[in-house]
Amino acid sequence: MKLRSVTAALLLIASGLAFGSGANAQDDKKLRFYVNFIGGPEIQFFAVVKRGVEEAGADLGVEAIYSAPRCCDINLQAQILKSNVAAMPDGIAVEFNDPKALSRPILDALDAGIPVILTNTQNFSEESDPRIK
């Protein structure tokens, strides 16, 4: 249940960021968030994460979408993240495990005004963009 609470907190923060930036503030549509990880639900850990994302979305009344490749292809994760950005959601949470593969899509999201929250953040390279650090 702790993971569910953390996921709910991430979605709540992202929804606050989305409302604060004016995104969808006048719309009555359900807020939509992507949670992008490197592994799919075929791995037990990620199955728990996916369930937490779905339950947090239901609890908060938002559309929370777990998006991930089958474990554990960073290039596929980056491609899926690009698709998440192109969908123009109200926020994205990203498991930031490879700066080279994920920095560009994250910066694209920020440039598009999409709030981004990094999770499992361990890897910052010297050349990482300050907006990501």
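**Figure 1. Helices H3 and H4 pack against each other in the predicted model.** Helix H3 spans residues 74-86 and helix H4 spans residues 99-111; the two pack at an angle of about 5°, and their axes lie 9 Å apart. Because angles under 35 degrees count as roughly parallel, H3 is described as roughly parallel to H4. On the H3 side, the contact is made by Ile74, Gln77, Ala78, Leu81, Lys82 and Val85. On the H4 side, Ala101, Leu102, Pro105, Ile106, Asp108 and Ala109 take part. By residue class, the contact of H3 with H4 comprises nine nonpolar residues, one polar residue and two charged residues.

**Figure 2. Valine 85 of helix H3 and its contacts.** Valine 85 belongs to helix H3. Its relative accessibility is 9%, and residues under 20% count as buried, so valine 85 is classed as buried. When residues up to four places away in sequence are not counted, valine 85 touches Ile92, Pro105, Asp108, Ala109 and Ile114. One of these partners, isoleucine 114, is 29 residues away from valine 85 in sequence, and their C-alpha atoms are 7.8 Å apart in space.

**Figure 3. Leucine 107 of helix H4 and its surroundings.** Leucine 107 is located in helix H4. With a relative accessibility of 8%, leucine 107 counts as buried. Apart from neighbours within four places in sequence, leucine 107 is in contact with Asp129, Arg131 and Ile132. Between the C-alpha atoms of leucine 107 and valine 85 the separation is 9.8 Å, and these two residues are 22 residues apart along the chain.

**Figure 4. Serine 67 of strand E2 and its polar contact with asparagine 84.** Strand E2 covers residues 63-67, and serine 67 lies within this strand. Is serine 67 buried or exposed? Its relative accessibility is 7%, so serine 67 counts as buried. The side chains of serine 67 and asparagine 84 are joined by a polar contact of 2.8 Å. Not counting residues up to four places away in sequence, serine 67 touches Tyr34, Val35, Asn36, Phe37, Ile80 and Asn84.

**Figure 5. A cis peptide bond between cysteine 71 and cysteine 72.** The peptide bond that runs from cysteine 71 to cysteine 72 is cis, and its omega angle is near -5°. Cysteine 72 is part of the loop between E2 and H3.

**Figure 6. Methionine 88 and its positive phi angle.** The loop between H3 and strand E3 (91-95) contains methionine 88. Phi of this residue is near 55°, which is a positive value in a residue other than glycine. How is methionine 88 classed by its relative accessibility? At 44%, methionine 88 counts as partly exposed.

**Figure 7. The whole chain, with its four helices and four strands.** Four helices and four strands are present in the chain, and their order along the sequence follows the pattern α-β-α-β-α-β-α-β. Of the 133 residues in the chain, 42% are buried. Among contacts in the chain with a separation of 6 or more, 67% involve residues 24 or more positions apart. The chain exposes about 7100 Å², of which carbon and sulfur atoms supply 53%.

Definitions and conventions. Residues numbered from 1 in each chain as written. Predicted model: local features only at pLDDT ≥ 70, side-chain atom pairs only at ≥ 80, totals over all residues. Heavy atoms only, no water. Axes fitted to C-alpha atoms, helices over the stretch in contact; angles between N-to-C directions. Parallel < 35°, antiparallel > 145°, perpendicular 65-115°, else oblique. Contact = heavy atoms within 4.5 Å. Nonpolar A, V, L, I, M, F, W, Y, C, P; charged D, E, K, R; others polar. Buried < 20%, exposed > 50% of the residue type's maximum accessible area, 1.4 Å probe, protein only. Polar contact = N/O pair within 3.5 Å; in protein donor to acceptor, adjacent residues only side chain to side chain. Areas by Shrake-Rupley, 256 points an atom, 1.4 Å probe, with all protein chains shown as cover.
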